[in-house]
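Please look over the chain shown here. Some questions and answers about its fold, salt bridges and surface come after it.

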Amino acid sequence: MGINQKSKGYLSNFEEYLKGEKNFSNHTIRAYLGDILAFLIWANEVSIQDIDTRKFSEYLYFIDKLNYTKTTIARKIASIRAFYRFLYREEIIDFNPTDSVSGPKRTKNLPDFLSDDEIETILTNVKIGTPSGYRNRVIFELLWVSGMRISELSGLNYENLNLENNEITVYGKGAKERIVLIPDRTKESLNNYIENVSDLIYKTDKAPKNPVFINNHGCRLQAQSIRKALKDVVDHIEISKNITPHIFRHSFATRLLENGADLRVVQELLGHASIANTQIYTHVSIQRLKTVYEKAHPRA
């Protein structure tokens, strides 16, 4: 199987659009391009302008037989639709064949979250007797109290810190800027890391553009290293949940809503573009309320 060369050129244009205008992350761009490239390879030499609704439906039938999950199929369809919207906007096509085709309904899985005791268990099991161990403890605590994404935390530079006001500026999806807040206790731990511990990992200049969290070579600590550090901790404790750095973000949002925080405030703190993304945490809270009710009420 080949690929239509004109279509391949349009894909390159789409990549530049995602980078330049949408300012998407490299990870997101790779996902989009991979989904679209697979579609173009399947289409073989057929030009993108010649793919109609029937042809697109054939592709959906094809990938449905590959035993992908509904979530994966929905993501692939979303990538291809975004590509076609771009082509229509650029007047490369005069008809969008994906508009009238509906994909599978995605099953919304409620995000897992940690209880206060589970979080405390994780934090107390981080061995802080080494500089890197202390750094990891500060990182996990920051993820929990701020709701930051792991990529946002990894990308922190000293210029992003306004610790006098307990504020940190982060750049989320699409390089969207927002302020997250931290409590005094976390601020003290972070200050101690910066002033006394980071130089024991690797002595670096605390210049505004330099990374806050570094590895043993003085380079920015990457998300993959943070995931591994967390896995090393949770492998030695008994918590029957899939614990990843992102579960701290879920726990942060759930706890705020359980304690009466306004949904719009939580949306702002999480950096969600749409409140629909934040509303799933209200379902988590309701489900937990039902569990408590069933255990506590004599007639339940």
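The turns below go from the whole chain to single residues.

This is a predicted model, in which local features need pLDDT of at least 70, side-chain atom pairs count only at pLDDT 80 or more, and totals for chains, interfaces and linings use all residues. Residues are numbered from 1 along each chain as its sequence is written, and side-chain values use heavy atoms, with hydrogens and water left out.

Q: How many helices and strands are there in the chain?
A: Helices (H or I, at least four residues) and strands (E, at least two) are DSSP runs, numbered from the N terminus. On that basis the chain has 12 helices and 3 strands.

Q: What percentage of the residues of the chain count as buried?
A: Buried means under 20% relative accessible area, exposed over 50%, and partly exposed in between (1.4 Å probe, protein chains only). The C-alpha trace spans about 65 × 60 × 35 Å along its principal axes. Of the 300 residues, the buried share is 43%.

Q: Which strands are the edge strands of the sheet?
A: Two strands pair if DSSP finds at least two bridges between them. The open sheet has 3 strands in the order S1-S2-S3, with antiparallel pairing. Those that pair on one side only are strand S1 (161-162) and strand S3 (177-181).

Q: Which residue in S3 does Val170 stand opposite?
A: Strand S2 covers residues 167-171 and pairs with S3 in the antiparallel sense over 5 bridges. Strands of a sheet pair through backbone hydrogen bonds, either parallel or antiparallel. Opposite Val170, in S3, stands Arg178.

Q: Why does the salt bridge of Lys241 and Glu118 tie together parts that are apart in sequence, and how many residues apart are they?
A: A salt bridge is a side-chain nitrogen of Lys or Arg within 4 Å of a carboxyl oxygen of Asp or Glu, and the side chains of Lys241 and Glu118 meet in one at 2.9 Å, N to O. Lys241 lies in the loop between helix H9 (223-234) and helix H10 (245-258) and Glu118 in helix H5 (residues 116-124), so the parts tied together are apart in sequence by 123 residues.

Q: Is Glu118 buried or exposed?
A: Its partner Lys241 is partly exposed, at 26% relative accessible area. Glu118 has a relative accessible area of 19%, so it counts as buried.

Q: What separates Arg255 and Glu258 along helix H10?
A: The two side chains meet in a salt bridge at 3.3 Å, N to O. Arg255 is buried at 11% relative accessible area, while Glu258 is partly exposed at 29%. Because they are 3 residues apart in helix H10, what separates them is about one helical turn.

Q: What is the relative accessible area of Lys203?
A: Lys203 and Asp199 meet through their side chains in a salt bridge of 3.5 Å, N to O. Asp199 counts as partly exposed at 28% relative accessibility. Lys203 is exposed, and its relative accessible area is 65%.

Q: How many salt bridges does a search of the whole structure find?
A: Some residues are linked in a network of salt bridges, including Glu21, Arg89 and Glu90. Over the whole structure, the search finds 18.

Q: How far apart are the C-alpha atoms of His283 and Thr254?
A: His283 lies in helix H12 (residues 275-296) and counts as partly exposed at 45% relative accessibility. Along the chain, His283 and Thr254 are 29 residues apart. Their C-alpha atoms are separated by 9.4 Å.
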